[in-house]
Amino acid sequence: MGHGTVRYLKTLVTAMTLTTIVGLVVLVGVVVMRFSQTTPDQTTAPALPDHITLPDGVTANAVTFGPDWYAIVSGDEILVFDQGSGDLIKRIQVR
């Protein structure tokens with residue numbers, strides 16, 4: 001190997017080492033920023049109703065909340081209720 005080839009390989013290894021170091025610093029920085037983000041404020045969640053009265057024969061499989069409503073998933077339908085009054089707003093058939 002000639003003197004020029006050794007110098008080229010040395011430069012190439014140095015460049016790859018610097019690239020790896022910069023990449024690791026960026027990766028660690030992204031991970032630290034991601035995990036240091038604040039969690040959502042628990043007071044912004046909608047208030048849960050004291051009780052939910054379901055129509056006869058309906059069994060709740062899942063519950064989800066919107067800004068002024070909540071929905072109950074029951075089998076093949078979704079029942080949407082008003083958050084304030086608890087009245088049934090809409091019944092949606094899934095299948």
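Student: How are strands and helices defined here, and where does Glu 77 lie?

Tutor: Helices (H or I, at least four residues) and strands (E, at least two) are DSSP runs, numbered from the N terminus. Glu 77 lies in strand E3, residues 77-82. This is a predicted model: local features need pLDDT of at least 70, side-chain atom pairs count only at pLDDT 80 or more, and totals for chains, interfaces and linings use all residues. Residues are numbered from 1 along each chain as its sequence is written, and side-chain values use heavy atoms, with hydrogens and water left out.

Student: Is Glu 77 buried or exposed?

Tutor: Buried means under 20% relative accessible area, exposed over 50%, partly exposed in between (1.4 Å probe, protein chains only). Glu 77 counts as buried because its relative accessibility is 11%.

Student: Which residues does Glu 77 touch?

Tutor: Contact means heavy atoms within 4.5 Å. Not counting residues up to four places away in sequence, Glu 77 touches Val 58, Ile 72, Arg 91, Ile 92, Gln 93 and Val 94.

Student: Which residues make up the largest nonpolar core?

Tutor: In soluble globular proteins, nonpolar side chains tend to be buried together. A nonpolar core is a set of buried Ala, Val, Leu, Ile, Met, Phe, Trp, Tyr and Cys residues joined through side-chain atoms within 4.5 Å. Here the largest has 5 residues: Val 58, Tyr 70, Ile 72, Leu 79 and Phe 81. Strands E2 (69-74) and E3 each supply at least two residues of this core.

Student: Where is Leu 12, and how accessible is Leu 12?

Tutor: Leu 12 sits in helix H1, residues 3-35. Leu 12 is partly exposed, because its relative accessible area is 37%.
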